[in-house]
Amino acid sequence: MDTYLLPAAMRELPPPWHDLTYRRSQALEALAPTEERLEQARHVLRACMPDRRQSVHDWDEELRDFYDDRDDHVLDEADAWLTRIMPTTFQVTRERVVQVVGAWADMGIPTVPEPPTEQWVDRVAAEWAASVRQALAYDAFTFIERGTTAGLPNGGEAEDVALLAAAFVRVGVAVEAAVRLLVSLGRPRGEQALRELVNDDEVRDFRPYVRSRLLGLRRSVYDVRAREDARHEEPLLPEGLQGLPYSWQNDFGWGATAPDSQSLAQARSALEACLTVERSPDDAQMCGDASADCSAIAEVVRALMPYPRLVTRERMSEAWRECQSLRFEFQGIDAACFAKVWCKRIADRVTAAVFRWLADLPQGGEAAGDKEPAALSATALWAAELAERCARRGSAVQEAIWFLHRTDDVPGSREALARLAFDPSLPATTRNTAQEWAQ
């Protein structure tokens, strides 16, 4: 008697859903997402829902590692045996898995024990059953998404779909397709489901991915806020930064701004203003998942405050609350510290952008044909002092030192570079960078 690996509801799926070969995807692509077919796709999802959280791994991970550097079709052939012997959901049985394992042994697959043990067969059977659920659910969500894009689901159906998608994320099956479907539902229903998932500890492993897609839906809200006037709000950056017309979206880059007296004076004012921004305590521990989380937090802050003039206490508080609602894990900081950290980071980005622009300007003899050579040639004198000060306080160190290197034909720049290179009170990274360009 056959030992079925799938529940009756999955074994009895109608065509093309019962098909485990490539033909299922082809058939689904040819079908229009009518209301009846969308209901059938929802039925597939209900049938595929596992009763506990799944952890889907390739049972042949070791095999894939073994063949990683080999150009052959062994892996494709091994996978093909699964659907060759079990082409439909009704035929997914332990006995047929034994046949597949036997075929793998005949092929000389190095990870198959000789003879195959019961434990190894059980492992393959469990992973294959989980993989079938994953593939069917993925196709069902993709099919429903086509209908959602066409505007077919009504309110009740959209609610059902959102609940199903959230449930699959919680059990770890077809997560990407389920989240993509929630995104297609848009605001408010899709956004609400994604927000609930972000704050659910059951989906902790997938939280960064879910959050990233939620941020995409929230972007329109941020954009509306960014277009609002900030004149009645409390600015957090010095006056010398508030007038900068360059956006964070372009990394505050000055681009092709002409080096005239006005732009050079604005650059100097911006650098001097950045030096007055309070240096927050070490913020390396601000984010729970350092690089990934900090990048996502920056996306929120940047969207709400794309220009220095929009960096206000009110908006920074909004960014803090938004990040908390998105379940970022902050360590030992409050709203006030959050604001200080991001004001410092914004000032550092502006500093880096100014020095990149200054370093690219014609230097020395190159500036001879400029309309305002006096202003341009004098730039290196005040900029060298500011570059050294910025490097010493750990602000845009790479860019400041690069500027000093680019202008090392000016005594002030050479001397500043030498001081930075051999000052034992500075961090080793700063000294090493300066020594590299001082040679």
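1. I begin with a residue in a loop: at a relative accessibility of 11%, Ala396 counts as buried, because buried means a relative accessible area under 20%. Ala396 sits in the loop that runs between helix H17 (373–392) and helix H18 (397–406), and, although Ala396 is not a glycine, its phi is positive, at about 50°. Please keep in mind, here and in every point below, that this is a predicted model.

2. A second residue can be read in the light of that one, namely Asp251, which is not a glycine and yet has a positive phi of about 55°. Asp251 belongs to the loop between helix H12 (239–242) and H13. Is Asp251 buried, partly exposed or exposed? With a relative accessible area of 28%, Asp251 is partly exposed, because that value falls between the limits of 20% for buried and 50% for exposed.

3. Two peptide bonds also deserve a careful look in the viewer. The bond that joins Pro15 and Pro16 is cis, with omega at about 0°, and Pro16 has its place in the loop between helix H1 (8–11) and helix H2 (23–30). The peptide bond from Arg187 to Pro188 is cis as well, with an omega near 10°, and Pro188 is found in the loop between helix H9 (175–185) and helix H10 (189–198).

4. Turning to how helices pack, two packed helices are described by the angle between their axes and by the distance between those axes. For helix H13 (residues 261–274) and helix H16 (residues 335–360), the axes come within 9 Å and cross at roughly 145°, and the crossing of H13 and H16 is left-handed.

5. Which residues meet where H13 and H16 are in contact? From H13 the contact involves Ser263, Leu264, Ala267, Ala270, Leu271 and Cys274, and these meet Ala347, Val350, Thr351, Val354, Phe355, Trp357 and Leu358 in H16. Sorted by character, the residues of this contact of H13 with H16 comprise eleven nonpolar, two polar and no charged.

6. Finally, some values for the chain as a whole. The secondary structure of the protein chain consists of 20 helices and zero strands, and, of the 439 residues in the protein chain, 47% are buried. Among the contacts in the protein chain with a separation of 6 or more, 74% are between residues 24 or more positions apart. The protein chain exposes about 21200 Å², and carbon and sulfur atoms supply 49% of that area.

Note on methods. Residues are numbered from 1 along each chain as its sequence is written. This is a predicted model: local features need pLDDT of at least 70, side-chain atom pairs count only at pLDDT 80 or more; totals for chains, interfaces and linings use all residues. Side-chain values use heavy atoms; hydrogens and water are left out. Axes are lines fitted to C-alpha atoms, for helices over the stretch in contact, and angles run from 0 to 180 degrees between N-to-C directions. Helices (H or I, at least four residues) and strands (E, at least two) are DSSP runs, numbered from the N terminus. A crossing is left-handed if the near helix is turned anticlockwise from the far one by less than a right angle, and right-handed if clockwise. Contact means heavy atoms within 4.5 Å. Ala, Val, Leu, Ile, Met, Phe, Trp, Tyr, Cys and Pro count as nonpolar, Asp, Glu, Lys and Arg as charged, and the others, Gly among them, as polar. Buried means under 20% relative accessible area, exposed over 50%, partly exposed in between (1.4 Å probe, protein chains only). Accessible areas come from the Shrake-Rupley method with a 1.4 Å probe; for residues, only the protein chains shown count as cover.
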